[in-house]
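Student: Let's go through this one label by label. I'd like each term set against its cut-off.

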Amino acid sequence: MNLRWAKITPVGRIAIDAEDATIAAIGARGLRCEGCWYLNSTVTGGIFLDEAQIVGDHAFMQAPQMTTGNGGFYARNGFRCEGTVNLAFSTVGGPIAFDNAALISTGGKAFTGIGIRLTGDLRASPGAVFGGTVDLAGGRHLRCRRTERKPLDRPRTGGRVAADPYSRPSGLTMRSAQWSGPVDLTMARIAGGVDLTSTELHDHGSLTAVGVSISGDLDLRGSVLSGRMDASSAMLQGDLHLDGTVLGHEDGTSLRARGMTARRLNFRPAGSSWTTALSRSWPTAGRRGPLAAATSRLISSPTSRWSVT
């Protein structure tokens, strides 16, 4: 399907209806679509939407349960959608790339990947802007073998979720997701909360949140990380929830939190839901590795901020 630099202005709200189609590949670079696009289809190759614009009163992309081959899903370099990009329960063979894209859904969901199955990276750097929630609840990242395809078609072994300093999602949800690879939120500014409850990160599944700014909570209750959590210099306006969290380690360290600030720490290491101090060693009940903090002190007032230095 070749829609490069096309302009589609529908009479009603539906601009493109490609439901239940089987398509070799989609090339829509520079497309201007002034309405909604239905793409619940099977695409044997990749989807390339760089510089495309999905705009107007009914602007959204509905592609739930879509299946793609090894080409991946690329919406980069000026891609703009003024509604939700919905890939819920889809299977994407390759990366999803929103580098330098704008997904704007004020008060709603900018990107929905609920239950998605992904074999490549989820990238949102550099310069991506999310004007709405990014929802990956129940998603799964699957390990895949390297092939001899050209680099653009080859998913990476051990994918990752990444956001860069200019990425501004208004919330990130990965509740109950199963992911192979790290989650990297370094220096991202998130105007909302980050929900990783009951999430499992496998295969070097670390959480890096160095210098992140989160206006809500960072919630890891019941999550399992095979790697380390690094929240050095993170700034949380809400709470940090670590009840029932299991962390792996890297170089013997499970948690780095130097210079982090947050409103409260909710932490249940051994039956108590509140603590007024962080020890230099991670509790033994399901947790491993020393805490990388020279001094650790918690101010237990519910309205106070606390820091690890």
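Student: Why is Phe73 called buried?

Tutor: Buried means under 20% relative accessible area, with exposed over 50% and partly exposed in between, using a 1.4 Å probe and counting protein chains only. Phe73 comes out at 0%, so the label fits.

Student: And what kind of model are these values computed from?

Tutor: It's a predicted model, where local features need pLDDT of at least 70 and side-chain atom pairs count only at pLDDT 80 or more, while totals for chains, interfaces and linings use all residues. Residues are numbered from 1 along each chain as its sequence is written, and side-chain values use heavy atoms, with hydrogens and water left out.

Student: How do you know that Phe73 and Phe98 form an aromatic pair, and what makes it stacked, tilted or edge-to-face?

Tutor: A search of the whole structure turns up 5 aromatic pairs. Rings of Phe, Tyr and Trp (its six-membered ring) pair if their centres lie within 6.5 Å; planes under 30 degrees apart are stacked, over 60 edge-to-face, and the rest tilted. Phe73 and Phe98 sit 6.2 Å apart centre to centre with 70° between the planes, so they pair, edge-to-face.

Student: What makes you say this pair links distant parts of the chain?

Tutor: Phe73 is in strand β12, Phe98 is in the loop between β16 (96-97) and β17, and the two are 25 residues apart. Strands here are DSSP runs of E, at least two residues long, and helices are runs of H or I, at least four, all numbered from the N terminus.

Student: Is Phe98 buried or exposed?

Tutor: Buried, with a relative accessible area of 0%. Phe98 also makes an edge-to-face pair with Phe111, at 5.2 Å centre to centre and 70° between the planes. That pair bridges 13 residues, from the loop between β16 and β17 to strand β17 itself. Phe111 has 1% relative accessibility, so it counts as buried.

Student: Which residues do the ring pairs link into a cluster?

Tutor: Phe73, Phe98, Phe111 and Phe130.

Student: What makes something a nonpolar core, and how many residues are in the largest one?

Tutor: A nonpolar core is a set of buried Ala, Val, Leu, Ile, Met, Phe, Trp, Tyr and Cys residues joined through side-chain atoms within 4.5 Å. The largest here has 72 residues, with Trp37, Phe73, Phe98 and Met229 making the most contacts inside it. Strands including β2 (14-17), β20 (129-135) and β38 (260-262) each supply at least two residues of this core, and β17 gives the most, with 3.

Student: Which residues does Met229 touch?

Tutor: Contact means heavy atoms within 4.5 Å. Beyond its neighbours within four places in sequence, Met229 contacts residues including Leu207, Leu218, Leu240 and Arg256.

Student: Why is Cys36 not in a bond with Cys33?

Tutor: A disulfide is a pair of cysteine sulfur atoms within 2.5 Å. The closest cysteine sulfur to that of Cys36 is in Cys33, 7.5 Å away, so they are too far apart for a bond. Cys81 is in no disulfide either, with the sulfur of Cys33 nearest at 8.8 Å. The structure holds 0 disulfides. Both cysteines are buried: Cys36 has a relative accessible area of 0%, and Cys81 has 0% too.

Student: Arg76 has charge written all over it. Why is Arg76 called buried?

Tutor: Its 17% relative accessibility falls under the cut-off, so the label holds. Arg76 is in the loop between β12 (73-74) and β13 (80-81). Its contacts beyond four places in sequence are Asp50, Glu51, Ala97, Asp99 and Asn100.

Student: How many helices and strands does the chain have?

Tutor: There are 0 helices and 42 strands, and buried residues make up 54% of the 309 residues.

Student: Where does pLDDT stay under 50?

Tutor: pLDDT is the predictor's confidence in each residue, from 0 to 100. The chain averages 77, with 76% of the residues scoring at least 70. It stays under 50 over residues 144-158, which have 28 contacts beyond four places in sequence. Residues 269-309 are also below 50, with 103 contacts beyond near neighbours in sequence.
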